[in-house]
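Biologist: I should like a close look at a single part of this protein, set in the context of its surroundings. Please take me through it in one connected account.

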Amino acid sequence: SHFPLCVGGAELLFDGVKKHQVTLPCQPEPWDIRNLLKWIKQNMLKERPELFLQGESVRPGILVLINEADWELMGELDYKLQDQDNVLFISTLHGG
């Protein structure tokens, strides 16, 4: 049987400043990073989403960590989120 998966507590950190506790809506299929980015665009990025997203992925220069591991090791957009996953976005484009 397939049951809806509720992902809660995904922490999103933008530019080292804003931390968000996010509870995603239940859906029949598990949430992956691709769908998470769409949700972020629709629900959190009210202005200038192009500074964060390019196409269906993040812009070059934004590092994505899932539970402190580089998302390239986790399947990138296809990674299936688990409850309490920690998702970290780090912009390397400014500062320093």
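Modeller: Asp78 lies in the loop that links strand 6 to strand 7. The model is a predicted one, and in it Asp78 has a relative accessible area of 47%, so this residue is classed as partly exposed, a class that lies between under 20% for buried and over 50% for exposed. Apart from neighbours within four places in sequence, Asp78 is in contact with Asp32 and Arg34. Arg34 is 44 residues away from Asp78 along the chain, yet the C-alpha atoms of the two are separated by 6.5 Å.

The other partner, Asp32, belongs to the loop between strand 2 (18-23) and helix 1 (33-43). Asp32 is buried but has no salt bridge. The nearest side chain of opposite charge is that of Arg34, at 4.1 Å, and a salt bridge requires a side-chain nitrogen of Lys or Arg within 4 Å of a carboxyl oxygen of Asp or Glu, so this pair does not qualify. The side chain of Asp32 does reach the backbone nitrogen of Asn35, at 2.9 Å. Beyond four places in sequence, the contacts of Asp32 are with Leu77, Asp78, Tyr79, Lys80 and Leu81.

The two strands that flank the loop of Asp78 both pair with strand 5, which comprises residues 62-66. Strand 5 is mostly covered, with four of its five residues buried. Strand 7 (residues 86-91) runs antiparallel to strand 5 and is joined to it by five bridges; within this pairing, Ile66 stands opposite Val87. Strand 6 (residues 69-70) is also antiparallel to strand 5, with two bridges between them, and here Leu65 faces Asp70. Strands 5 and 6 form a hairpin with two residues between them, and Asn67 in that turn has a positive phi of about 50°.

As for the wider setting, the protein contains one helix and seven strands, in the order β-β-α-β-β-β-β-β from the N terminus. Of its 96 residues, 34% are buried. Among contacts between residues at least 6 apart in sequence, 49% join residues at least 24 apart; the contact of Asp78 with Arg34, across 44 residues, is one that spans such a separation. The accessible surface comes to about 6,200 Å², and 51% of it belongs to carbon and sulfur atoms.

Methods. Residues numbered from 1 in each chain as written. Predicted model: local features only at pLDDT ≥ 70, side-chain atom pairs only at ≥ 80, totals over all residues. Heavy atoms only, no water. Buried < 20%, exposed > 50% of the residue type's maximum accessible area, 1.4 Å probe, protein only. Lys, Arg positive; Asp, Glu negative; His and termini not counted. Polar contact = N/O pair within 3.5 Å; in protein donor to acceptor, adjacent residues only side chain to side chain. Contact = heavy atoms within 4.5 Å. Pairing = 2+ DSSP bridges. Areas by Shrake-Rupley, 256 points an atom, 1.4 Å probe, with all protein chains shown as cover.
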